[in-house]
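Trainee: I would like to learn how to read the fold of a protein chain, beginning with its strands and helices.

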Amino acid sequence: METTPPAPEGSIINESEIEYVSYSGEHHLPLIMRLVDEELSEPYSIFTYRYFVYLWPNLSFLAFHNGKCIGTVISKMGEHRNTFRGYIAMLVVLKPYRHKGIGSKCVGDIWSCVAATELVTRSIKVMMESGCEEV
């Protein structure tokens, strides 16, 4: 599943080539950990990942290109200063896939004409549907 080489520099990725999936179990955890370890400077223990994906699995999404995991967003929701708030904890897209228009789009409803990545949009949508007053 992880054998596809990264997108070549300057290549155009068609939105239809990217598959977005919800976190659906322990088999996704190593993919998320690899992305974060490769792309972010702050190391996290497995307990940090599990804290987010076990308590808020519906707010975690992964992006795949030709079977290769190329991005993820990890989020949570909860009370904060008397407000039900959503929080994006980790957002990672592999460097060769950045700035290629993956998921950039205008979305409807209250997010009308706001450019956002599809990963973040999906997480925010679930937060709002779940009653978050702030994100």
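Mentor: We will go through the sheet, then the helices, then burial. This is a predicted model, in which local features need pLDDT of at least 70 and side-chain atom pairs count only at pLDDT 80 or more, while totals for chains, interfaces and linings use all residues. Residues are numbered from 1 along each chain as its sequence is written, and side-chain values use heavy atoms, with hydrogens and water left out.

Trainee: Which helices and strands does the protein chain have, and how many?

Mentor: Helices (H or I, at least four residues) and strands (E, at least two) are DSSP runs, numbered from the N terminus. Here there are three helices and six strands, arranged along the sequence as β-α-α-β-β-β-β-β-α.

Trainee: What is the order of the strands in the open sheet?

Mentor: Two strands pair if DSSP finds at least two bridges between them. The four strands of this open sheet follow the order E1-E2-E3-E4, with antiparallel pairing. Strand E1 (18–22) and strand E4 (83–93) each have a single partner strand, so one side of each lacks a neighbour in the sheet. E3 (residues 68–80) joins E4 over ten bridges, and Val73 stands opposite Leu91 in E4.

Trainee: Which strands does helix H1 touch?

Mentor: Contact means heavy atoms within 4.5 Å. Helix H1 (residues 29–39) packs on the sheet and touches E2 (61–65), E3 and E4.

Trainee: How many of the residues are buried, as a percentage?

Mentor: Buried means under 20% relative accessible area, exposed over 50%, and partly exposed in between (1.4 Å probe, protein chains only). Of the 135 residues in the protein chain, 40% are buried.

Definitions and conventions:
Axes are lines fitted to C-alpha atoms, for helices over the stretch in contact, and angles run from 0 to 180 degrees between N-to-C directions.
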